[in-house]
Amino acid sequence: MPNQIQGERMNKKIINRKLKEQDIQKGIMSYLELQGFLVVKFPSVGIKKPDGSYIPMRQKGIADILFWGRGIAGAIEVKKHGNKVTPEQSEFLEKMRDKGYIGMVAYSIDDVMEIISLYCK
């Protein structure tokens with residue numbers, strides 16, 4: 001049995017590595033909406049400079065997805081496996097948690113489903 005569970009986890013990791021962050025975000029947003037939450041996505045946009053870098057058009061670090069409903073609210077920073085949050089993103093999520101909200105990094109829809117199940121029984 002443990003080998004089967006480990007195999008299933010390994011398969012999920014392989015599948016998740018092939019997904020783009022955008023695809024993971026869409027799945028998470030759909031799940032949250034189906035669970036009755038109001039969901040807002042904050043796009044990462046900016047002005048491209050001649051050297052290829054960007055000037056952000058919004059406050060740095062705001063999570064990709066904000067959601068509220070069913071007595072809870074939170075922020076989700078979505079990352080593809082292997083990618084890490086920036087210090088600004090980490091700080092934003094910490095501020096959310098300090099205020100009593102959910103502040104999390106999600107690498108898959110499963111991460112979000114697990115947290116939501118803890119808060120919405």
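The following paragraphs describe a sheet, the helices that pack on it, and one of those helices in detail.

The model is predicted: local features need pLDDT of at least 70, side-chain atom pairs count only at pLDDT 80 or more, and totals for chains, interfaces and linings use all residues. Residues are numbered from 1 along each chain as its sequence is written, and side-chain values use heavy atoms, with hydrogens and water left out.

The sheet comes first. Four strands, in the order β1-β4-β5-β6, make up an open sheet of mixed pairing. Strands are DSSP runs of E with at least two residues, helices are runs of H or I with at least four, and both are numbered from the N terminus. Two strands count as paired if DSSP finds at least two bridges between them. At the edges stand β1 (38-41) and β6 (102-106), each of which pairs on one side only. From one strand to the next, the twist averages 20°; axes here are lines fitted to C-alpha atoms, for helices over the stretch in contact, and angles run from 0 to 180 degrees between N-to-C directions. In general, strands of a sheet pair through backbone hydrogen bonds, either parallel or antiparallel. Strand β5 (residues 72-78) pairs with β6 in the parallel sense, over five bridges. Ile76 stands opposite Met104 in β6.

Helix α2 (residues 21-34) packs on this sheet and touches β1, β4 (65-69), β5 and β6, where contact means heavy atoms within 4.5 Å. The direction of α2 makes about 165° with that of β5. Helix α3 also packs on the sheet, touching β4, β5 and β6, and its direction makes about 145° with that of β6.

Helix α3 (residues 87-98) begins the closer view. Its 12 residues should span 16 Å at 1.5 Å a residue (the expected span is 1.5 Å times one less than the number of residues), and this agrees with its end C-alpha atoms, which are 16 Å apart. The buried residues of α3 are Gln89, Phe92, Leu93 and Met96; buried means under 20% relative accessible area, exposed over 50%, and partly exposed in between, with a 1.4 Å probe and protein chains only. These buried residues lie on the same side of α3 because they cover an arc of only 95° around the axis, the arc being that of the directions from the helix axis to the C-beta atoms. Their cover includes β4, β5 and β6.

On the other side of α3, Pro87 and Asp98 are exposed. Pro87 counts as exposed because its relative accessibility is 64%. Pro87 and Gly61 are 26 residues apart in sequence and 7.8 Å apart in space, C-alpha to C-alpha. Just after α3, Gly100 takes a positive phi of about 95°.
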